[in-house]
Amino acid sequence: MNRLPLVALAVLALATVACEETPPTSVDPDVLPPEPITVEAGLSWDEFGGGLQVFPGFGSASDLGSGVLAEDFEGVLDARTLGRFAAFPRTITVRDSTGGTRADSLPIFRAGRVGVVLDPEASTNQEPVTVTLGALSQVWDPASTTWERAVDTIGDARPWDEPGAGSARPLGEMVWDPAENDTVYFPVDSAQLAEWRDTTALDQGIVVGVETPGERIQVQRILLSLDVESTLDPDTVVSSTVTRRDLTFIYSPVPEPPPDGIRIGGTPSWRTVLQVRAPETLTGPPALCERVGCPVAVDPDQINYAALVFRTRAGPPAFQPTDTVNLDVRPVLAPEVLPKSPLGASLTGSVGRRVGPNLFAEGEGAEIEIPVTEFIQDQLRGETATGENAPVYVALLSTFEPLSIAFASFHGPGSELEPRLKIILTTGATVELP
Amino acid sequence: MTAPSRSPAMRLPALLLVAAALGPASLHGQSIYNSAGLGLPVESLDARTRSLGNVGIGLLGSRVLPSDPAAAALLGIPGAVLTAQPSWVELGRTDTGETGSYQGTRFPLVGISYPAWDFGMATFSFGSVLDQRYSGIRNATVDLEEGPVAVVDSFDVSGGISEVRLGLARPVGSAFQVGVSVGRYTGSTLRTLIRSLDGVSLTGTVSDFQEGGRWEYSGTSVTGGASMNVGQIARLAGSVTWSSELTAQADSEEQDDRTFDLPLELRVGASAMLAPGLLVNASLRRASWGGTGDDLRTGIARDVTAYGAGIELSRAQLLGRQAPIRVGYRSADLPFSLNGEPASETAWTGGIGLDLASTGPLVLAGLDLAVEWGERSEIGVVEDFWRGSLTLRVSGL
């Protein structure tokens, strides 16, 4: 009997909990506040932009991990790929007369083949081209070498004996047909292998070039296949592969900074920095002014979307992209120390804004929209979500630096196709009691 | 040796904890009329009162009922009451063509009574006054550079107005009882408009636009009532409730603070035993909501009248226990309407009571169940509903 109240309480709880709440919902416009107005405003460069600067020199070709070959590409560009191989194997394993395996610590490197793996997709040629291989005998630094200099570090500048590592000893030439394979092999003898085996020597390495003019070839990697003879069993020859230790490329001419316009990417990479000022008031479009009167003070919470709109531009033909370009936009956190300012988190995500290569050639003039909604909202608030001063400069750069010898170009201020700021905002709503 | 059994009233604190937890936060929308004016009036009635079609006054018997402050005068011992009220609603509108169904649960009444030395019976109650929760959807089109784009406006209103009352009731002589209570209006409402531009095809994420405000309600009420018992066979009662202005104070300076006139409410009711085990009742309520219309920026308000009547067969039994059976009918004007036409709510009512634990004539725990089948309507709008009420009563602390 005494349990009855508890049972009643349970029934009461069940009766209430069992009912799923679905509040009344109406489409009657009279039960909603007046409709807000959503408009799109386009701001010209003079209304939002300023301080555009293009900076070269971010990263080096050795960071890329691939190479480039060119001979008079677009009548201008020459490029060669340089490399060194990693340490040769110290021991090999062979079978002895009893059928067991033994380690041979005195292998003999009889011969080898230098393999140059090429990327048909990223290369311009459709027809066979002649690829050359040479052996370097001059000290060179993979991180700083250029077309003119073998070493170009602070306090140590050494020119090549001939520009473009042209003094290399020829080791051979091979024809590469992109329709048949992606690798060309150059045979090398034991004397050359002995030279490359000394990994402490800075005056050794290879230089790969192309003789066929008018093409730009992408080198994916280099490798060295070795035929190794055993001292334990001279009849046994084993194969071993050595990967590269260094891989870089040198090219000429180095592009001059653009007199106008925007440049992103390349090797070393270009970055463009510009000032983006969020509008505190708007005087258009007419639909907005008719509804709420102009000028309209812009509140950050009214911004639905903001984007920088750039128009693609065909750059120098020798450096036009042949693959998709990934654009990144990041706030510049300390513009006073440009170009070495730290950058904030990406506004475009980890992949960036992908732009097809044709838009920098025959498709030039295409609009590329890069969202900067939070950047504009933070600027109107005066601070970021973490309470720091809202930045006013952004850097345009390649998502991966460097990614390619090619760079992306956009029209700059003063052009008919200059950048603009697109804003979609909603306002005019007042929520009050009835 | 057995463990000492705990009386039902010993569980009162736990019950009140449940009630407190469910109280003001559980005012859920149960009608499209929540969107009209200040919302849908919600009466703080128990299940017995509802099942008898009564409007909250004049029923024979003692109880904590905010609209009948004298009804607690003869309670004699401490007690508590908790009412839960689920409802299921179907909407059909010919004026806008919309249909829909929704459901929800509210807790319209939590009450406690406790003897106040020689002064009588003190009461505390917490109940609903106006339910304001609803949602609105609007499909709109905006013109962007890419052309017309569909957007969606969502408007959500949550909250409502409740009232906390402290009262005192006492007998005057052998046949009369009087009661008075002082109430404080409380509650808040949060109104949020969100425009979603999900349909816009853009490169990056598009932020929703959001605008809204929150208002805190406050105000005071005083209710006085008197009743007369004719032996154990009849009871006649009346009450009047005066309220100050309802103040709605906005949290933000962007929104306006507002005040609203609240009505003077008059109630009379009577019940009588026509024969052993046969109780009849009738009641009437009048509230002057019309003045509130002057304070509304949109919509109008009307003075309203409510009435109801019902029969209770009190000798019915279930599982060997007393289980009164009740039927009734009630009709009430609604002060606010959707399209300006007079709106009303009518319902057929029924229910049953069950005494769960008793000691002699004293009921220590009881349960009342009411079911109402009715409609709220005005020209162009019909809202059919089923509404249940479940009241748990305990006493004997």
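This passage describes chain B as a whole, one strand of chain A and one loop residue of chain A. The model is predicted; local features need pLDDT of at least 70, side-chain atom pairs count only at pLDDT 80 or more, and totals for chains, interfaces and linings use all residues. Residues are numbered from 1 along each chain as its sequence is written, and chains are lettered from A and ligands numbered from 1 in the order in which they are written.

Chain B has two helices and 20 strands (DSSP runs numbered from the N terminus: helices are H or I of at least four residues, strands E of at least two). Its radius of gyration, 23 Å, agrees with the value near 21 Å for a compact globule of 397 residues (taken over C-alpha atoms; the rule is 2.2 Å times the number of residues to the power 0.38). Of these residues, 50% count as buried (20 or more other C-beta atoms within 10 Å of the residue's own; exposed means 12 or fewer, partly exposed in between; C-beta atoms are placed from the backbone).

In chain A, strand β14 spans residues 205–210. Six of its six residues are buried, so the strand is largely enclosed by the rest of the structure. A:Gly205, A:Val207 and A:Gly209 point one way, and A:Ile206, A:Val208 and A:Val210 the other. β14(A) pairs antiparallel with β9 (residues 129–136) over six bridges (pairing requires at least two DSSP bridges). Here A:Leu133 stands opposite A:Val208. β14(A) also pairs antiparallel with β5 (residues 77–85), over three bridges. A:Gly83 stands opposite A:Ile206.

A:Glu35 lies in the loop between β1 (25–26) and β2 (37–43) of chain A. It counts as partly exposed because it has 17 C-beta neighbours inside 10 Å.
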